[in-house]
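Open the model in your viewer and keep a selection prompt ready. The stops below go through side-chain pairs and then a pair of helices.

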Amino acid sequence: MNKWYSSKGNNSDVVISSKIELVRNLNKVPFPCKMSNEVRKSVCKKLFACLQNSEFAGEFDLTELNGLSDIDKIAIAEKGYISYDMARQSNYGALLLSKDESCSIMLCEQEHINICAMAAGEDLKTAYKKADMADNVFISNMQIAFDKQLGFLTSNPMKLGTGMRASLVLHLPAIDERGMIGALSTMVGKLGFSIKPLLSGKGSFYELSNEISLGITEENAIENLIAICDQIVVQERNFRNALLEYSDFEDKIFRAMGTLKMARRLSCDEFYELISLARLGICAGSFDIGYEKIGKMLHLLGTASIISDSEGNLTADDASRLRAQYVRETLN
């Protein structure tokens, strides 16, 4: 089965992926931070049973986090299926993951239910449709905490209302090169959005998301985010055209691809910096490589992911060698 991150989406030259998160809580049940391990375990089982007794029967696999090693939990967090906070917790929690990995559900993290749906490229509506289908199962079969004025009730007041967070991962090397990320962050902040660096701030990868969930519908929040994203896409493309006219920058792109194809060791940070330049080269038509190959590497080549997927006790240096090997085999 094809995974979501191996697909090509809309505006893939700038937008890597789309994500919708919906948080829900059970009525008259303590928030996870106030639960004992036994209560937490019982709630997780009830929520999994709810999904298994729906049209999604057999579509999700259950992973109990207390049975995983620390490195396995960090690897799952690297892929975006659980939060890093959840990966570091010793208390009981669980993950439901769909077969194509496009929908994950954290059980008993900060909230009882945290649904996360992903789609390649700029496709928030598809991601929302996936998340909404899972959400409807819980709403139809469980007593969900809801207030007519405040909307869905959450442990974090910032999530009250729709309980939805919509986000897009953007590749903005040209805006970054012009030193305009700060100005862009200020502009979108005034409109109720945020833009923050990803991947340790390496490689010009950023996440654009909504910050307001109270007093607005899910559909309006998504439409507003799409409108902002489309403006950023146009600006990035215009700046790229100007940037790629410089021969020095073209040389930088080709040197990056050469290193990726030949390196025997690649640290995570170096990989992100080089793959960002190579991705810009694909946009310029310099390399005949699909964006989906880049997306797959970004998704799979975190240090914890490489160590978790390999046999034996590996070090970070071993992961650098395996990362370089995977990149060479993919690009050559």
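Select R165 first. In this predicted model, R165 counts as partly exposed, because its relative accessibility is 26% and the partly exposed class runs from 20% to 50%. Now add E207 to the selection. E207 has a relative accessibility of 13% and counts as buried. The two side chains meet in a salt bridge, with an N to O distance of 2.8 Å. Colour by secondary structure to place them: R165 is in strand 8 (residues 164-171) and E207 is in strand 10 (residues 205-210), so the pair ties together parts that are 42 residues apart in sequence.

Keep both residues displayed and add E21. E21, R165 and E207 are linked in a network of salt bridges. Side chains of opposite charge can pair when their charged atoms come close. Counted over the model, salt bridges come to 14.

Next, go to helix 7 (residues 218-243) and select E236 and R240. Their closest N and O atoms are 2.7 Å apart, and the two residues form a salt bridge. Within helix 7 they are 4 residues apart, about one turn of the helix. Are E236 and R240 buried or exposed? Turn on a surface to look: both E236 and R240 are buried.

Move to helix 2 (residues 70-78) and select D70 and K73. This pair also sits about one turn of the helix apart, with a spacing of 3 residues. The side chains meet in a salt bridge at 4.0 Å, N to O. Check the two ends separately. D70 is exposed, at 57% relative accessible area, whereas K73 is buried, at 6%.

The last stop is a helix pair. Select helix 10 (residues 291-300) and helix 12 (residues 316-331), whose axes come within 11 Å and cross at roughly 170°. How are helix 10 and helix 12 oriented to each other, roughly parallel or roughly antiparallel? An angle over 145 degrees counts as roughly antiparallel, and helix 10 and helix 12 are therefore roughly antiparallel to each other.

Show side chains for the contact. On helix 10, pick K293, K296, M297 and L300; they meet Y326, V327, T330 and L331 on helix 12. Coloured by class, this contact of helix 10 with helix 12 shows 5 nonpolar, 1 polar and 2 charged residues.

Notes: Residues are numbered from 1 along each chain as its sequence is written. This is a predicted model: local features need pLDDT of at least 70, side-chain atom pairs count only at pLDDT 80 or more; totals for chains, interfaces and linings use all residues. Side-chain values use heavy atoms; hydrogens and water are left out. Axes are lines fitted to C-alpha atoms, for helices over the stretch in contact, and angles run from 0 to 180 degrees between N-to-C directions. Helices (H or I, at least four residues) and strands (E, at least two) are DSSP runs, numbered from the N terminus. Angles under 35 degrees count as roughly parallel, over 145 as roughly antiparallel, 65 to 115 as roughly perpendicular and the rest as oblique. Contact means heavy atoms within 4.5 Å. Ala, Val, Leu, Ile, Met, Phe, Trp, Tyr, Cys and Pro count as nonpolar, Asp, Glu, Lys and Arg as charged, and the others, Gly among them, as polar. Buried means under 20% relative accessible area, exposed over 50%, partly exposed in between (1.4 Å probe, protein chains only).
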